[in-house]
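The exercises below ask for a careful reading of helix packing and of the surroundings of a ligand, each followed by a solution in steps.

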Amino acid sequence: MKTALIAALLAGIALTPAPVTAQTVGSGVAATNAQNSAERPILFAASAPADAALAIVMTGAALPGDLPVDASTRTALEAAIAAEKFTGEAGDKLLLRGFGGRPSVLLIGTDAARPDWATAAGTAAQELSSTNAPVAVAGAPDSTAMAQMALGYTLGQYRFDRYKSGREDRPAAPVTIVGAGADAARAEWTGRQTHLAEAVRFTRDLQSEPASVIYPASFVERTRAAFARVPGVTIEVLDEAAMRRLNMGALVGVGQGSPRGSRLMLVTYRGAEGPPLALVGKGITFDSGGISLKPNAGMWAMKADMSGAAAVVATALSLAKSRAPVHVVAVAALAENMPGDNAQRPGDVVRTFGGQTIEIRSTDAEGRLVLADAIQYTIDRRQPFALVDIATLTGSVGAALGSEYAGMFARDDTTANRLAAAAETSGEALWRLPLHPTYAKAIKSDIADIKNSDASGAPGASAGAHFIAHFVPETLPWAHLDIAGVDWRESSAPLTPAGASGFGVRLLDSLARQWRPGE
Ligand code: BES
Ligand code: ZN
Ligand code: MN
């Protein structure tokens, strides 16, 4: 028995798998087992329920022709529009309480030339969030616009309130998307956008969860649960012992100060033949900085340092559930960056899967370390036709671009343009930042092949991108997305309530659908 145990330990096999539903290290007392409060279910119909608060989306000061209001209400609305000088431009809104026999009527403007139905509906979700009445959203000209409204309303009504005690857990009144073509809209929604919305919700939940709940092993369990019974999907997970055998010294090194073991997870969705598109995400379930400890202010937000990993896994979820004809591998590089008596130190040298050595100058530049091993392994084992990595990599990108654009790096214009096109269609904005050979000098090491950080004053986001570029062959189309400025919002936007944004899911979903090998 004893020899069997020792043999099993030597082989790196855990005899009793640790329970991962509750924190395995710590009190073990779960703060909650509840869900977030109910969201409004989405309905599609040709008319609005009589008791619903009504949102009307307009592309100018004139009311849409086909509206669920009677003639006298229409006249009263036109008088209110004139009196308030409501022009119906993008971003305009006007709330009329107790109007036309309804709890409220909300007018929302969107651009006539480039109407954004999702954003308009997200605005409705937020403006009407405090009413218990049913809601109806009108003004969509066709079924596609209606499905976009359903997506926008769902993204806009997201909340993370599962840790609040004493909440009333009653079902929420529905929202009806009103228009001609309700059946076609419902089909579009259930076939596609509802899965995209679910994927964004999955990402936001993982980002919002405290690091006592989401650590590498529980991230994997949440992923497995989300993909249960989804066809065409395989999930491969490497634990620390497996990664050590593969010489993944960079990824394992980051997690070695934490008792919560690191993981590398590859979620493959095979909806087409040929090589995959690889999406690799940084998954630091908490970034304390390690021995290069961060200051306290804002450190709590480092529970969301796994946003990139959540976004790539969620993208695979959306693609798989909507049965998109694509082949993707979503890779989550999962570790907790903590100080501790076994934590790695500034000055340490580690070796990666591919054999390169890295001098650790700051244990707080850990995202690029976990990505180095994850990227090399993905390329070696899956031979993708292209690779996109996404990471909350540097505070520097937030200082440069703020909260509306993620930083995008690419070696070639073709790849950059492809990403820009996906940003355009998805509504998640990117701004290209430069790779320049001079910045690469910032990561030259005296004693190893490369170092992970420097004090030379090179732009931080670019230095990070160059570090990652070191592990990507020149011939492989590659883009790096630095989302450290956009993964968490201080204030609400129509599609993103304050807090976790789920940034990247809509973008990568759109990218994967249009990027095929050889095209
Ligand atoms: N996770 C942080 C980056 C970050 C900062 C994300 C703010 C979200 C909000 C990352 O691991 C980090 O610590 N980066 C350092 C890099 C430096 C040590 C080279 C930074 O940006 O200061
Ligand atoms: Zn980090
Ligand atoms: Mn860090």
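**Exercise 1.** Is the crossing of H12 and H15 left-handed or right-handed? Work out also which class of mutual orientation the two helices belong to.

*Solution.* The model is a predicted one. Begin with the axes: those of helix H12, residues 413-426, and helix H15, residues 505-514, come within 8 Å and cross at roughly 120°. An angle of 65 to 115 degrees would count as roughly perpendicular, and one over 145 as roughly antiparallel; H12 and H15 are therefore oblique to each other. As for the sense of the crossing, H12 and H15 cross in a right-handed manner.

**Exercise 2.** Classify the packing of H10 against H14, and then that of H3 against H4.

*Solution.* Helix H10 (residues 367-382) packs with helix H14 (residues 460-469) at an angle of about 25°, their axes being 9 Å apart. Because angles under 35 degrees count as roughly parallel, H10 is placed in that class with respect to H14. Their crossing is right-handed.

For the other pair, the axes of helix H3 (residues 117-127) and helix H4 (residues 143-156) come within 7 Å, with a crossing angle of roughly 40°. This leads to the oblique class, so H3 and H4 are oblique to each other, and H3 passes H4 in a right-handed crossing.

**Exercise 3.** Describe the surroundings of ligand 1, from its shell of residues to its polar contacts and its covered area.

*Solution.* The shell comprises 16 residues, of which Lys294, Asp305, Asp364, Glu366 and Gly395 come nearest to ligand 1. Sorted by character, the shell has four nonpolar, five polar and seven charged residues.

Turning to individual atom pairs, an N or O atom in the side chain of Lys294 lies 2.8 Å from an oxygen atom of ligand 1, and a polar side-chain atom of Lys282 is 3.1 Å from an oxygen atom of the ligand. With Leu393 the backbone takes part, since one of its polar atoms is 3.3 Å from a nitrogen atom of ligand 1. Finally, ligand 1 on its own has 520 Å² of accessible area, and the protein covers 73% of that area.

Note on methods. Residues are numbered from 1 along each chain as its sequence is written. Chains are lettered from A and ligands numbered from 1 in the order in which they are written. This is a predicted model: local features need pLDDT of at least 70, side-chain atom pairs count only at pLDDT 80 or more; totals for chains, interfaces and linings use all residues. Side-chain values use heavy atoms; hydrogens and water are left out. A residue is near a molecule or strand if one of its heavy atoms lies within 4 Å of it. A polar contact is a pair of N or O atoms within 3.5 Å; within protein, one must be able to donate a hydrogen and the other to accept it, and residues adjacent in sequence count only if both atoms are side-chain atoms. Accessible areas come from the Shrake-Rupley method with a 1.4 Å probe; for residues, only the protein chains shown count as cover. Ala, Val, Leu, Ile, Met, Phe, Trp, Tyr, Cys and Pro count as nonpolar, Asp, Glu, Lys and Arg as charged, and the others, Gly among them, as polar. Axes are lines fitted to C-alpha atoms, for helices over the stretch in contact, and angles run from 0 to 180 degrees between N-to-C directions. Helices (H or I, at least four residues) and strands (E, at least two) are DSSP runs, numbered from the N terminus. A crossing is left-handed if the near helix is turned anticlockwise from the far one by less than a right angle, and right-handed if clockwise.
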